[in-house]
Amino acid sequence: RAVQRYGADRQRLHCIGESLGADGAWHLAALKPNHFAAVGGSCGSVEPYDWENWRWGSEPEAYRRLASGIGQRTALWFCHGGKDDFVPVEQSRRFLEALQESRAPSALGALLGSRADGAEVVYKEYEDLDHHVWDKAYWDDGMIQWLVSQRMSS
């Protein structure tokens with residue numbers, strides 16, 4: 001509806017979130033594959049959090065499912081603070097691994113010299129920062145500028 005109402009370019013729809021908002025942005029992209037040109041996120045998590053017992057769940061397969069659900073055509077730029085004491089940085093590291101795996105060329109493609117399939121994935125880890133990395137990502141490293149420059153790949 002928003003695309004129709006405001007005349008937005010369907011090839012340039014973007015989604016971004018911080019912390020739990022990054023979780024939401026990633027999961028929205030997986031629910032709507034090939035809908036967003038790019039998704040940005042900072043300090044997001046993939047595995048579920050047990051709010052009742054205040055601990056992270058263990059669902060390693062969640063990374064692969066999320067990466068596969070997002071698909072090949074959506075570019076991603078996400079980051080995490082190495083000293084994050086709210087969301088473990090391993091959440092982003094494992095998500096990056098799953099994205100790289102899901103976008104890797106097939107065995108035959110690799111033999112033929114194919115490069116990775118899919119849109120660009122950018123991951124930045126700020127080893128000296130905690131959970132609040134978005135100012136550095138948005139302004140110093142240009143996440144916002146990168147995000148709005150993305151178009152849906154064909």
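Is Lys136 buried, exposed or partly exposed? Lys136 is partly exposed, as its relative accessible area is 31%. The views below come from a predicted model.

**View 1. Asp140 and Lys136 form a salt bridge in helix H6.** The closest N and O atoms of the two side chains are 3.9 Å apart. Helix H6 covers residues 134-140, and Asp140 and Lys136 are four residues apart within it, which means a separation of about one helical turn. Asp140 is exposed, with 56% relative accessible area, whereas Lys136 is partly exposed at 31%.

**View 2. Arg93 and Glu90 form a salt bridge in helix H4.** The N to O distance of this bridge is 3.5 Å. Both residues lie in H4, three residues apart, or about one turn of the helix. Arg93 has a relative accessibility of 34% and so counts as partly exposed. Glu90 is also partly exposed, with a relative accessible area of 33%.

**View 3. Arg94 of helix H4 forms a salt bridge with Glu47.** The closest N and O atoms of this pair are 3.4 Å apart. The bridge links distant parts of the chain, its two residues being 47 residues apart. Arg94 belongs to helix H4, while Glu47 sits in the loop between strand S2 (38-42) and strand S3 (49-50). Buried residues are those under 20% relative accessible area; Glu47, at 6%, is therefore buried. Arg94, at 40% relative accessibility, counts as partly exposed. The structure as a whole holds seven salt bridges.

**View 4. Helices H3 and H4 cross obliquely.** H3 consists of residues 61-70 and H4 of residues 90-102. Their axes come within 8 Å and cross at roughly 50 degrees. An angle between 35 and 65 degrees falls in the oblique class, and the two helices are therefore oblique to each other. The crossing of H3 with H4 is right-handed. On the H3 side, the residues that meet H4 are Tyr63, Arg64, Leu66, Ala67 and Ile70. Their counterparts in H4 are Gln91, Arg94, Phe95, Ala98, Leu99 and Ser102. By class, this contact has seven nonpolar, two polar and two charged residues. Arg94, listed here on the H4 side, also forms the salt bridge with Glu47.

**View 5. Ser102 lies in helix H4 and is in contact with Ala67 and Gln72.** These two contacts leave aside the neighbours of Ser102 within four places in sequence. Ala67 is one of the H3 residues in the contact of H3 with H4. Ser102 is partly exposed, with 24% relative accessible area. Gly118 is 16 residues from Ser102 in sequence, and their C-alpha atoms are 9.1 Å apart in space.

**View 6. Helices H2 and H3 cross at roughly 55 degrees.** H2 covers residues 20-31, and its axis comes within 7 Å of the axis of H3. This angle makes H2 oblique to H3. H2 passes H3 in a left-handed crossing, whereas H3 passes H4 in a right-handed one. Trp26, His27, Ala29 and Ala30 of H2 meet Leu66, Gly69 and Ile70 of H3. The contact has five nonpolar and two polar residues, and no charged residues. Leu66 and Ile70 of H3 take part in the contact with H2 and also in the contact with H4.

Note on methods: Residues are numbered from 1 along each chain as its sequence is written. This is a predicted model: local features need pLDDT of at least 70, side-chain atom pairs count only at pLDDT 80 or more; totals for chains, interfaces and linings use all residues. Side-chain values use heavy atoms; hydrogens and water are left out. Axes are lines fitted to C-alpha atoms, for helices over the stretch in contact, and angles run from 0 to 180 degrees between N-to-C directions. Angles under 35 degrees count as roughly parallel, over 145 as roughly antiparallel, 65 to 115 as roughly perpendicular and the rest as oblique. A crossing is left-handed if the near helix is turned anticlockwise from the far one by less than a right angle, and right-handed if clockwise. Contact means heavy atoms within 4.5 Å. Ala, Val, Leu, Ile, Met, Phe, Trp, Tyr, Cys and Pro count as nonpolar, Asp, Glu, Lys and Arg as charged, and the others, Gly among them, as polar. A salt bridge is a side-chain nitrogen of Lys or Arg within 4 Å of a carboxyl oxygen of Asp or Glu. Buried means under 20% relative accessible area, exposed over 50%, partly exposed in between (1.4 Å probe, protein chains only).
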